[in-house]
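Let's take a walk through this model, going from its aromatic rings to a helix and then to a single strand residue. Keep the viewer open as you read.

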Amino acid sequence: MRISRRAVATAAALAVVLPLSACGAGSGGTGAADASGKVEGSITFQTWNLQANFKPYFTGLIAEFEKKYPGTEVKWIDQPAEGYADKISADAAGGTLPDVVNVSPDLVAPLAKAGLALDLDKTAAQYKKEYLPGAWAGHQIPGVEGTYAFPWYLNTGPLFYNKQLFKDAGLDPEKPPTTYDELFAQALQVSGKSKGKIATLANIPTIEDFGRYGVTLMNEEGTGFAFNEPKGVELLTKYKELYDAKALDPQALTATPESAGKKFLTQAVAMNPGSALDLAKFEKDAPTLYKNIGITPQISSTGKDNMYVMGVMVNAQTKRTPAAVAFAHFVTDAQHQMEFAKQVAIFPSTAGSLDDPYFTKEDGTDETRVRIAAAKSLKTAVNYTPVLMSEQMKTELRNSVAKALQGKQSPKEALDNAVKACDKLLKQS
C-alpha cells in the first residue's frame, strides 16, 4: 500500500488513501449481529497489497486458525495498492464486500455510516481491553457511536536531526527542541547563522501537525472542521515566520516525502521525520550525516505523538458472524501481531506488546534504537488525522497553507477558506 508522509517505507507501510467514491446514508453499523455462536463455515479475508511479501505468514496464519476451529475455511483475497479504495467502494455498492477486510480509518468511516461495518463495541466488546486505548479508538467515527474495526498494526517515527548543523548554529547538539516554542526559536537561529542557507524543516504543516500542536480539528459531532480556530491560526502564523526567514525550506510548498528526505540527506535541512529504515540509507549514502545523526521524539503540545493505524473490519452483513469476528480477532491478537512485527517494521496495537524486550532492549544497532524510541511513543499515541478527512480535503488544506506562506492570504483567511472547502466536501460525502 502507498506510503504515508511519515510511515515506514515498507510493503506494509501505513497508507494515505483516496476516499470512497460514494458514502452511504446509514447511521452506523448495525451491531445487532450475534458473534457468540459456533465458529464454523467459510469466510473471505481481504488484505491490502500484502501477498507479494508476506504470503508465508498469512497462509500459516490461516492454517493455524482453521486447525483451531475445525469446520472453518478462510479464503484469502489480496488486492493491489492501486485502486484499493475504489474496489472496496464497488464491493460495498454491489453487496460483494468480503467478510473480513483490511481497512484504514478513513476507509471504514463511510462503510460504518452505510451500516456495512460491524460495531465491535456491541459485538466484540470483551476484546477491547486487549488493545491500546488510542489504537482501539482509531476506528471510531465522530457523530457515530461504536468502534468499527479491530486495531491491527501501528506505525510512527521519530525526528532525525543533524547535530553538526545545530552545533554550527551555536545550539547544543545534545539538546534538540522538545516543544514548538523551542523548535521555532532554534529554527530561526539555524537560518540566521547560516544566512538562510540551512533550513530546519522541509515540510509545510499537515493536519497531523495541527493535531500535535493542540488544535481542535473537528467538532464533536463530526459535522464540521474546526482547525481555523485561534490555535490553528497561531501555528500557521509561526510557519509563515519560518518561511519568510528561510527556516522552512523554500521548496516546502511542492515538497514530497522523497524530496524532503533528499534535502536532509544532503544536509541542506537540519531536521526531518523518518524511520529505522532511513538509518541504513544514511550510513550507506551519507556517512558524514550518519556520523552526526541525532534522534528525538516528535514535537507535540499534547504530550501524545501521532500514530498511523491499520485495522481489520468485519462486514456487518456477513452470514458467518461468529467465524468472521473470531478470525478478525485472531489476526489482531497479541501473539500474531508480535509475529508480524518481527517480519516488518511495524508495531503491534495490543496492550503490553510494546513492553516486550524486542521493543525495549538495546542491542547496539541503530535499527533497534529507533524501534525502541517509536515503541515508547506509541503507548500513548493517537491518530490525529480525522477519519472523515479525505485526500481531497487534505489537498484543500495544503493549498490554503501554501497561499498563507506565500502571503497571498492571511493565515486566518487561508484556514477559513480551507475549513469552508472541507465542510462542503464533507456534506457531499
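Rings of Phe, Tyr and Trp, with Trp represented by its six-membered ring, count as a pair if their centres lie within 6.5 Å. With that in hand, note that we're looking at a predicted model, and pull up this set: F45, F54, Y57, F58, F65, Y69, W76, W152, Y153, F327, F330 and F340, which form one aromatic cluster.

Across the whole structure, a search turns up 29 aromatic pairs. Take Y180 and Y213, whose rings meet edge-to-face, at 4.9 Å centre to centre and with 85° between the planes. Where in the chain do the two partners of this pair sit? Y180 belongs to helix α7 (residues 180–193), while Y213 is in the loop between α8 (207–212) and α9 (230–244), so the pair links distant parts of the chain, 33 residues apart. Are these two rings on buried or exposed residues? Y180 has a relative accessible area of 5%, so it is buried, and Y213 counts as buried because its relative accessibility is 4%; the cut-off for buried is under 20%.

Y213 has another partner to look at: K231 lies over the face of its ring, at 4.9 Å from the ring centre. You'll find another such arrangement at Y358, where the charged end of K342 sits over the ring, 5.5 Å from its centre.

Now swing over to helix α2 (residues 84–94), whose buried residues are Y84, A85, I88, S89 and D91. Seen down the axis of α2, these buried residues fall within an arc of 165°, so they line one face of the helix. That kind of spacing makes sense, because an α-helix has 3.6 residues a turn and residues three or four places apart point the same way. What covers the buried residues of α2? The cover includes the strands β1 (41–48), β2 (72–79) and β3 (100–103), along with helix α3 (105–113). On the other side of α2, A93 and G94 are exposed. Just after the helix, G95 takes a positive phi of about 75°.

Last stop: N162, in strand β5 (residues 159–162). N162 counts as buried because its relative accessibility is 0%. Which residues is N162 in contact with, once neighbours within four places in sequence are left aside? They are F264, Q267, A270, L289 and N292. With Q267 there is also a polar contact, side chain to side chain, of 2.9 Å.

Notes:
Residues numbered from 1 in each chain as written. Predicted model: local features only at pLDDT ≥ 70, side-chain atom pairs only at ≥ 80, totals over all residues. Heavy atoms only, no water. Helix = DSSP H or I, 4+ residues; strand = E, 2+ residues; numbered from the N terminus. Buried < 20%, exposed > 50% of the residue type's maximum accessible area, 1.4 Å probe, protein only. Polar contact = N/O pair within 3.5 Å; in protein donor to acceptor, adjacent residues only side chain to side chain. Contact = heavy atoms within 4.5 Å. Phe/Tyr/Trp six-rings, centres within 6.5 Å; stacked < 30°, edge-to-face > 60°. Lys NZ or Arg CZ within 6 Å of the ring centre and 35° of its normal. Arc of directions from axis to C-beta.
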